[in-house]
Amino acid sequence: MSLTFQDASARVDRYISQFREGYFPPLLMLARLSEEVGEVARVISHQHGKTPKPGEDVGDLELELADLLFVMVCMANERGLSLERGFERAMHKIETRDANRWTRKEES
């Protein structure tokens, strides 16, 4: 299954639109985004360093990254922004600014 940013945006909007409360206010979404980044950090820390507390789950990085993506889609939807357009703009910036930043692999 392939999922576009537009598909994700529409699916999240269908879900959120069924509730009277709708999207969280921007500052609350920012807090949720920060909390999800912390969850990603916790999982990576457990996988590459810090030993989890006894009984604490190491965590699921894929799920935590998806939770982070969900909040980002909510933020974009609430503001009427296109993640697809934003991603294309970011990649253009990265691909031009960083084109010669690192050592390229030898072609085989």
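**Charged and aromatic side-chain pairs in a predicted model**

The side chains of aspartate 98 and arginine 101 meet in a salt bridge, with N and O 3.6 Å apart (a salt bridge being a side-chain nitrogen of Lys or Arg within 4 Å of a carboxyl oxygen of Asp or Glu). The structure is a predicted model, in which local features need pLDDT of at least 70 and side-chain atom pairs count only at pLDDT 80 or more, whereas totals for chains, interfaces and linings use all residues. Residues are numbered from 1 along each chain as its sequence is written, and side-chain values use heavy atoms, with hydrogens and water left out.

Aspartate 98 also takes part in a salt bridge with arginine 97, where the closest N and O atoms are 3.1 Å apart. Aspartate 98 is buried, its relative accessible area being 11%, while arginine 97 counts as exposed at 53% and arginine 101 likewise counts as exposed at 55% (buried means under 20% relative accessible area, exposed over 50%, and partly exposed in between, with a 1.4 Å probe and protein chains only). Through salt bridges that share partners, Arg97, Asp98 and Arg101 are joined into one network.

Across the whole structure, the search finds 4 salt bridges. One of them links glutamate 78 with arginine 79, the closest N and O atoms lying 3.7 Å apart; here glutamate 78 is partly exposed at 30% relative accessibility, and arginine 79 is exposed at 52%.

Glutamate 36, which has its place in helix α2 (residues 26–47), is buried yet has no salt bridge, and the nearest side chain of opposite charge, that of arginine 32, is 4.2 Å away. In this assignment Lys and Arg count as positive and Asp and Glu as negative, with His and the chain ends not counted. Helices are DSSP runs (H or I, at least four residues), numbered from the N terminus. When neighbours within four places in sequence are left aside, glutamate 36 is in contact with Glu64, Asp67, Leu68 and Val71, contact meaning heavy atoms within 4.5 Å.

Aromatic side chains were examined in a similar way, and the search of the whole structure finds 2 aromatic pairs (rings of Phe, Tyr and Trp, the last by its six-membered ring, pair if their centres lie within 6.5 Å, and planes under 30 degrees apart count as stacked, over 60 as edge-to-face and the rest as tilted). The pair of phenylalanine 5 and phenylalanine 87 is tilted, because the ring centres are 5.5 Å apart and the planes stand at 45°. Since phenylalanine 5 lies in helix α1 (residues 5–17) and phenylalanine 87 in helix α4, this pair ties together parts that are 82 residues apart in sequence; helix α4 itself covers residues 83–97. Phenylalanine 5 is partly exposed, with a relative accessible area of 30%, and phenylalanine 87 is partly exposed as well, with 40%. Tyrosine 15 and phenylalanine 19 form an edge-to-face pair, because their ring centres are 5.2 Å apart and their planes stand at 70°. Tyrosine 15 counts as partly exposed at 43% relative accessibility, and phenylalanine 19 at 38%.

Phe5 and Phe87 recur, together with Leu69 and Met72, in a nonpolar patch on the surface that has about 320 Å² of accessible area in total. Patches are made of residues with over 30% relative accessible area and no salt bridge, like charges being joined within 9 Å and nonpolar side chains (Val, Leu, Ile, Met, Phe, Trp, Tyr) within 5 Å. Accessible areas come from the Shrake-Rupley method with a 1.4 Å probe, and for residues only the protein chains shown count as cover.

Notes
Helix = DSSP H or I, 4+ residues; strand = E, 2+ residues; numbered from the N terminus.
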